Amino acid sequence: MNSPEDLFKNAFENFESAPPEDAWSNISREVAFKSFFKFYPKRLNIYYTAAAIAVLSTALYFGTADRNTEPITISSIEESANTISASQRKVIIKDIPIQRGNGSSSTSENNRIQVIDNNNFAQPSTETCYDTEVNVQYIDESQLVEDTSEPKVDMDFSADFVAEIPDACSPSTVRFVNRSKNVDYCVWNFGNGSTSYDYNATASYRTAGTYYVTLKTVKDTKSKVSAQTVTINPMPKADIAHTKARVNSPMIVEARNVQDASHIKWLFGDDASSVSTKAAHTYKSAGNFTLSLIVSNQFCADTINETIEVTVPEYSISFPNALYASVSGATDGFGGGQPKFAPFLPKGDINMIDRYSLRIYSKAGKEVFSSNNPSFGWNGYYNGGKLSAGVYVYKAAYTFVNGEYYTCEGNITLIYGE
C-alpha cells in the first residue's frame with residue numbers, strides 16, 4: 001500500500017512545490033485515525049479493542065460478582081428428595097449429632113453445614129434435612145484454619161481386667177473378666193504360651209506356678225496395657241505302701257513321696273481311720289476293702305484309692321484272754337506237771353514260727369514276763385512270787401517261716417485257783 005506521500009507525488013507529477021514542514025505528519029495522523037475504525041485483520045482497530053474489553057469485563061464480572069444471586073441446594077446422601085437451601089457463598093460440612101427415630105444421637109463428618117460469607121455475619125439458624133439437624137453459621141473465611149492435630153482418644157479409654165481364680169489346684173481353668181472401656185479390640189497373653197483376642201477370655205493352666213498375664217487394648221491409634229500375676233496352687237500327692245493284709249493280723253500302711261500336703265487321713269474301708277503318716281490296722285474278716293489315702297493343703301485335696309484283699313493267713317496263732325494260775329505255787333512254764341494250771345501260751349501253728357517275742361505288763365506298765373520261745377509261757381508269777389489277780393497287758397510279735405510278720409496285743413485276766 002502506497003503512503004500518502006507517494007500518492008501525493010503521483011498526483012502532482014512534474015509539479016514541484018514545497019509543502020509545510022508538518023503537513024505529512026498531520027496527514028498520517030488523520031489517515032491512522034480513520035483506519036482505526038475500519039476492519040483490518042492484521043491491524044489493531046476498534047473491533048479488536050472492543051473484543052478485548054468485553055473479555056476483560058466478563059472476567060472481572062465473574063471474579064467479583066456477588067454469588068448470593070442463586071440459592072445453593074444440598075441434597076441428602078441418604079435421601080436425595082430432601083434438600084437444604086442456603087443463599088451463601090461457601091458451604092463446609094462439619095460434625096453435628098444426628099437425631100434418630102429412637103431419640104439417640106450419633107456423629108458424622110458429613111452432617112454439619114457451615115456457610116462462609118466474606119462480607120456478612122448473622123446469627124446461626126437451624127434447618128432440618130432428612131433426620132439430620134443442620135447448623136448454619138456465617139463466619140469470615142480468613143478465620144478458617146486447617147486442623148492438623150491427631151484425633152483425640154476418648155478419656156474413658158482404658159485397660160483393666162479381673163482374674164477369677166478357682167479355689168483349686170492345678171490343672172485349673174481361670175476366667176478373665178474384661179473391665180476395659182471404649183476399646184476397638186483386645187489382645188490377651190496368658191503367660192502359659194497361649195493368647196486370645198476375645199473380649200472376655202479363659203485360660204487353662206496344667207502345672208502349678210505364677211503366671212504373668214497381660215491385656216492390651218487398642219483404640220484408634222492408641223493402646224494401653226494392664227497386667228497382673230495369676231498363681232496356680234500345686235496339687236498334693238502321695239503314694240501308698242502297705243504290707244500283706246491277713247485276718248487278725250495287723251497291716252502296716254505308710255504314705256510315701258508326700259508332696260505339698262499338710263494333712264493326711266487313712267480310710268481302711270471298714271469304718272476305721274487314722275491320721276498318721278504310718279499306721280497299723282487289723283481286719284477281722286477276709287474280703288476286699290477299699291483303702292483310701294486323702295492328702296490335702298489349704299487350697300485343695302487329692303484322694304488315692306487302692307483295693308486291699310484280706311485273706312486268711314497260711315499260718316496263724318492266737319492268744320487266750322485269761323490265765324488260771326495255781327495258788328499253791330508257780331507251775332512249769334512249759335505246761336508240764338499240772339495241766340489244770342497251764343501257762344499263758346499261743347495256740348495254733350507255733351511250730352511254723354521262725355521268730356517270736358512275748359511281753360506282759362502290769363497296769364502300772366511294769367514288765368512282769370518275757371519270752372522268745374513260743375513254747376514257753378507265763379504262769380502268773382514274777383520272780384517266784386505270786387502277783388495280784390487282775391488284768392494285765394500282753395504284746396506279741398512273730399514271723400512265720402514263709403516270711404509273714406505279725407504283731408498283736410491285748411488284755412489277759414489273771415485268776416488264781418485251788
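**Exercise 1.** In which sense do β16 and strand β19 (residues 278-282) pair, and over how many bridges?

*Solution.* The model is predicted, and the assignment is read from its strand pairing.
Step 1. β16 and β19 run antiparallel to each other, paired over 5 bridges.
Step 2. A residue pair fixes the register: M251 has H281 in β19 as its bridge partner.
Step 3. β16 (residues 250-259) also pairs with strand β15 (residues 237-242), again in the antiparallel sense and over 5 bridges. Here H242 has V253 of β16 as its bridge partner.

**Exercise 2.** State how far the coordinates may be trusted, and identify the stretch that calls for caution.

*Solution.*
Step 1. The protein has a mean pLDDT of 79, with 71% of its residues at 70 or more.
Step 2. Residues 71-136 have pLDDT below 50, although this stretch has 139 contacts in the model beyond near neighbours in sequence.
Step 3. Where pLDDT is low, predicted coordinates should not be read in detail.

**Exercise 3.** Derive the strand order of the sheet that contains β29 and β30, and explain which strands lie at its edges.

*Solution.*
Step 1. The sheet is open, with 5 strands in the order β23-β30-β29-β25-β26 and mixed pairing.
Step 2. β23 (322-326) and β26 (367-371) each have a single partner strand, so they stand at the edges, with one side of each lacking a neighbour in the sheet.
Step 3. On average, neighbouring strands of this sheet are turned by 25 degrees against each other, direction ignored.
Step 4. Within the sheet, β29 and β30 are antiparallel and share 10 bridges. Y398 stands opposite Y406 in β30.

**Exercise 4.** Characterise the largest pocket and relate its lining to the strands.

*Solution.*
Step 1. The volume of the largest pocket is about 410 Å³.
Step 2. Its lining comprises 21 residues; N248, S249, Y398, T407 and C408 lie nearest the centre.
Step 3. By class, the lining has 12 nonpolar, 6 polar and 3 charged residues.
Step 4. At least two lining residues come from each of β22 (317-318), β29 (390-400) and β30 (405-417).

**Exercise 5.** Describe the open sheet that contains β9.

*Solution.*
Step 1. The sheet has 3 strands in the order β8-β9-β12, with antiparallel pairing.
Step 2. β8 (161-164) and β12 (201-205) are the edge strands, each pairing on one side only.
Step 3. Neighbouring strands of this sheet are turned by 25 degrees against each other on average, direction ignored.
Step 4. β8 and strand β9 (residues 172-178) are joined by 4 bridges, and V162 has V177 in β9 as its bridge partner.

Technical notes
Residues numbered from 1 in each chain as written. Predicted model: local features only at pLDDT ≥ 70, side-chain atom pairs only at ≥ 80, totals over all residues. Heavy atoms only, no water. pLDDT = per-residue confidence, 0-100. Contact = heavy atoms within 4.5 Å. 1 Å grid on protein atoms, 1.4 Å probe; cavity = no way out; pocket = protein on both sides within 12 Å on 5 of 7 lines; lining within 4 Å. Points joined across faces, edges and corners; volume = space filled by probe spheres on them. Nonpolar A, V, L, I, M, F, W, Y, C, P; charged D, E, K, R; others polar. Pairing = 2+ DSSP bridges. Axes fitted to C-alpha atoms, helices over the stretch in contact; angles between N-to-C directions.
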